[in-house]
Amino acid sequence: VPRPAPWGPAWSPPKAAARPTSSIWLRSGISPVAHAAHILSPAWTAAASCLWTDGEGAPSPFFPARAAATPGRNPKTPGIIMDDRILLDAGSGGRASQRLISQCFMRHFSNPLLDRMDDAALLDIKGPLAMSTDSYTVTPLFFAGGSIGTLAVHGTVNDVAMLGARPRYLSCACIIEEGLELSILDRVVADMAAAAQTAGVHIVTGDTKVVPRGMCDKIFINTTGVGEIFASPVPSGHAARPGDAVLVSGALGDHGLTVMGSREGLSFLTDVASDSAPLNHMIADIITACGEVHVLRDPTRGGLATTLNEIAEQSSVCIDIEESLLPVHESVRNGCSFLGLDPLYLANEGKCICILPQDRAEAALRAMQASPYGKEATIIGRVAEDGKPGQVRLRTRIGGQRLLGMLEGAQLPRIC
């Protein structure tokens, strides 16, 4: 007779059911061994609770045997992942990853370069090149005038264009939180595809990772852009010269205030919308019309004031701007007044600063105003002949003068 264990009875009382896991085989009642041996068998199809469709409720062209109707499922949502939510398996590199890539990302991003599905994209591109990378963590994911998907394309496209380049290709890397609704991911990816089409660029390579719940906030996106430089000389933050005119392509602060209003549910900001837009075509028109452009920058985080300070420091010049000439929508001005914010420090996602010789300012202004994204463009100041290098001076509406410093910290966190 076996001896009883000295620390207690041989059998323990029943315990509560284990916490549900993210594994497909555990959530479907199939052991890992059975999963490995029968992943494509009819038995797997019957046991698993996944529904595989093409996004319209029809059997998937990739896995037709699994497209059995399941009560309570939304037939309009692509049933790529169990319960219409992303699981850790989708970032494993296996079949679940392939299904997510083919039925979500490839469905929206498909182009001849991406469709090769090699480890790297084969690009036909000639130098000199401009390259930029940026990561996007905005919350909420969707807001008036845009989304994290449109920002991920517009932001990187605009950065490449500011160097006098024509953006051509983008990469896209997504870090997705386990449990994210598939419909949300599909909407983000669709927004990226539409933004890329408008900008005239192709997304040619990418990566997808899924992390456990709480390790990121829904989805973070990184994009890298490459473009061919055509401007000569190449615009640079180091190239501002005394006597240059300073232009801005439109109203300031829309994006930052919109994201804050959406995040906090501020009803009095419902008539404010993000300015997120691709500026590469407008930039090309400016360079073509003017020839010589000294500086092109997009005033994103930190806003106009911080970006002008960066230019003044890099070029060792003093910049003067006129408060009465600064374009700010009345709704943004009122919202900032109520919340104690300064629109000159709010982020923009569809504006550019252009600094160029004074005699070419009118040509640049006409080129901006001819674009749908530059209708409110204006000349706001000039690079001073005197003054302390690195300073930005604002002449107020009543004739006074104050210094605009660089933003010290985050006025509004996670706005892009």
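In this predicted model, helix H4 (residues 95-109) packs against helix H6 (residues 182-199) at an angle of about 30°, and their axes are 8 Å apart. Since angles under 35 degrees count as roughly parallel, H4 and H6 are therefore described as roughly parallel to each other. A mixed, open sheet of seven strands is described after this helix pair.

**The contact between H4 and H6**
- The crossing of these two helices, H4 and H6, is right-handed.
- From H4, the residues that take part are Leu 100, Cys 104, Phe 105, Arg 107, His 108 and Phe 109, and they meet Leu 182, Leu 185, Asp 186, Val 189, Ala 190, Met 192 and Ala 193 of H6.
- Sorted by class, the contact of H4 with H6 is made up of 10 nonpolar, one polar and two charged residues.

**The sheet**
- Strands of a sheet pair through backbone hydrogen bonds, and they do so either parallel or antiparallel.
- Here the seven strands follow the order E8-E10-E7-E11-E9-E12-E13, with mixed pairing.
- Strand E8 (295-297) and strand E13 (401-403) stand at the edges with a single partner strand each, so one side of each has no neighbour in the sheet.
- From one strand to the next, the twist averages 25°.

**One strand pair in detail**
- Strand E9 (residues 319-322) and strand E12 (residues 392-395) run parallel and are joined by four bridges.
- Glu 322 has Arg 395, in E12, as its bridge partner.

**A helix across the sheet**
- Helix H11 (residues 361-369) lies across strand E7 (245-248), strand E10 (353-356) and strand E11 (378-383), and H11 runs at about 5° to E7.

Methods: Residues numbered from 1 in each chain as written. Predicted model: local features only at pLDDT ≥ 70, side-chain atom pairs only at ≥ 80, totals over all residues. Heavy atoms only, no water. Pairing = 2+ DSSP bridges. Axes fitted to C-alpha atoms, helices over the stretch in contact; angles between N-to-C directions. Contact = heavy atoms within 4.5 Å. Parallel < 35°, antiparallel > 145°, perpendicular 65-115°, else oblique. Left-handed = near helix turned anticlockwise from the far one by under 90°. Nonpolar A, V, L, I, M, F, W, Y, C, P; charged D, E, K, R; others polar.
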